[in-house]
Amino acid sequence: MTMRKARLLVMLVGILLPYAARVPRGIGWLQQYTDNGIGAWLFMGAFNAIAWGAIIAVSFLYKRPSSLWAPVLLGFGFLAFAHYSLDLAADAQAAIALVFIPLYALVPIAIGAIVGYFMDRSARLASAA
């Protein structure tokens, strides 16, 4: 797989992840995200672009697509858990979490980016030797 294909895959997974994370809890749980009109879809997409965009930005530090595993697993893992557990019907202010979830995901993405950088560097050194 090329880095370009890996970036496209990160983008597609990042766009679909909030909705896919809701599916295990049932259709009613998914409808909390999908039954709010086009504005809600655009809002969700714009804020989640912060997280998957950060992973794509980090990918420019790497030579090998396999180095993306660390930021993807940590970042998307956090996002999946957060979207899976967020109940928008629990409180009137629960929707504010939709803004903060992608921002909080930047921390695990940054940790994964550092791990991925060292993975990429060691793989490059091993192939050069």
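This report describes the helices, the core, the ring contacts and the surface of one protein chain.

**Overall layout**

The model is predicted. The protein contains six helices and zero strands, and its pattern along the sequence reads α-α-α-α-α-α. Its C-alpha trace spans about 60 × 25 × 25 Å along the principal axes. The protein has 129 residues, and 36% of them are buried.

**The nonpolar core**

In soluble globular proteins, nonpolar side chains tend to be buried together. In this model, the largest nonpolar core has 28 residues. Val10, Tyr33, Ile55, Leu68, Phe76, Leu79 and Leu86 are the residues with the most contacts inside this core. The elements that give two or more residues to the core are α1 (3-20), α2 (27-34), α3 (37-59), α4 (69-85), α5 (97-104) and α6. Which of them gives the most to this core? The answer is α3, with seven residues.

**Aromatic rings and charges over rings**

A pair of aromatic rings is described by the distance of the centres and the angle of the planes. The structure holds five aromatic pairs. One of them joins Tyr117 and Phe118, whose ring centres are 5.7 Å apart and whose planes make an angle of 75°. Planes over 60 degrees apart count as edge-to-face, so the pair of Tyr117 and Phe118 is edge-to-face. The two partners can also be described by their accessibility. Tyr117 is partly exposed, at 31% relative accessibility, whereas Phe118 is exposed, with a relative accessible area of 53%. Exposed means over 50%, which is why Phe118 is put in that class.

Elsewhere, ring pairs link Tyr19, Tyr33 and Trp41 into a cluster. Tyr33 is also one of the core residues with the most contacts.

Rings can also have a charged side chain above them. The charged end of Arg7 sits over the ring of Phe60, at 3.8 Å from the ring centre. The charged end of Arg25 is placed over the ring of Trp29, at 4.6 Å from the ring centre.

**Helix α6: a patch and a salt bridge**

Helix α6 covers residues 106-128. A nonpolar patch on the surface is formed by Leu74, Val107, Ile111, Val115 and Met119, which together have about 410 Å² of accessible area. Helix α6 gives the most to this patch, with four residues. Met119 is found in helix α6 and is partly exposed, at 36% relative accessibility. A patch residue needs over 30% relative accessible area, and the 36% of Met119 is therefore over that cut-off.

Side chains of opposite charge can pair when their charged atoms come close. How many salt bridges does a search of the whole structure find? It finds one. This salt bridge joins Asp120 and Arg124, with the closest N and O atoms 3.1 Å apart. Asp120 and Arg124 are four residues apart in helix α6, so about one helical turn separates them. Are Asp120 and Arg124 buried or exposed? Asp120 is buried, with a relative accessible area of 0%, whereas Arg124 is partly exposed, with a relative accessible area of 29%.

**Three residues and their distances to others**

Leu8 lies in helix α1, Gly45 is found in helix α3, and Phe78 has its place in helix α4. Leu8 counts as partly exposed, at 41% relative accessibility. Gly45 is partly exposed too, at 37% relative accessibility, and so is Phe78, at 29% relative accessibility. Buried means under 20% relative accessible area, so the 29% of Phe78 does not make it buried.

The table pairs each of these residues with another residue of the chain and gives the separation along the sequence and between C-alpha atoms.

| Residue | Partner | Apart in sequence | C-alpha to C-alpha |
|---|---|---|---|
| Leu8 | Leu98 | 90 residues | 23 Å |
| Gly45 | Pro18 | 27 residues | 9.2 Å |
| Phe78 | Pro102 | 24 residues | 9.1 Å |

Key: Residues numbered from 1 in each chain as written. Predicted model: local features only at pLDDT ≥ 70, side-chain atom pairs only at ≥ 80, totals over all residues. Heavy atoms only, no water. Phe/Tyr/Trp six-rings, centres within 6.5 Å; stacked < 30°, edge-to-face > 60°. Buried < 20%, exposed > 50% of the residue type's maximum accessible area, 1.4 Å probe, protein only. Lys NZ or Arg CZ within 6 Å of the ring centre and 35° of its normal. Patch = residues over 30% accessible without salt bridge, like charges linked within 9 Å, V, L, I, M, F, W, Y side chains within 5 Å. Areas by Shrake-Rupley, 256 points an atom, 1.4 Å probe, with all protein chains shown as cover. Salt bridge = Lys/Arg side-chain N within 4 Å of Asp/Glu carboxyl O. Core = buried A, V, L, I, M, F, W, Y, C linked by side-chain atoms within 4.5 Å.
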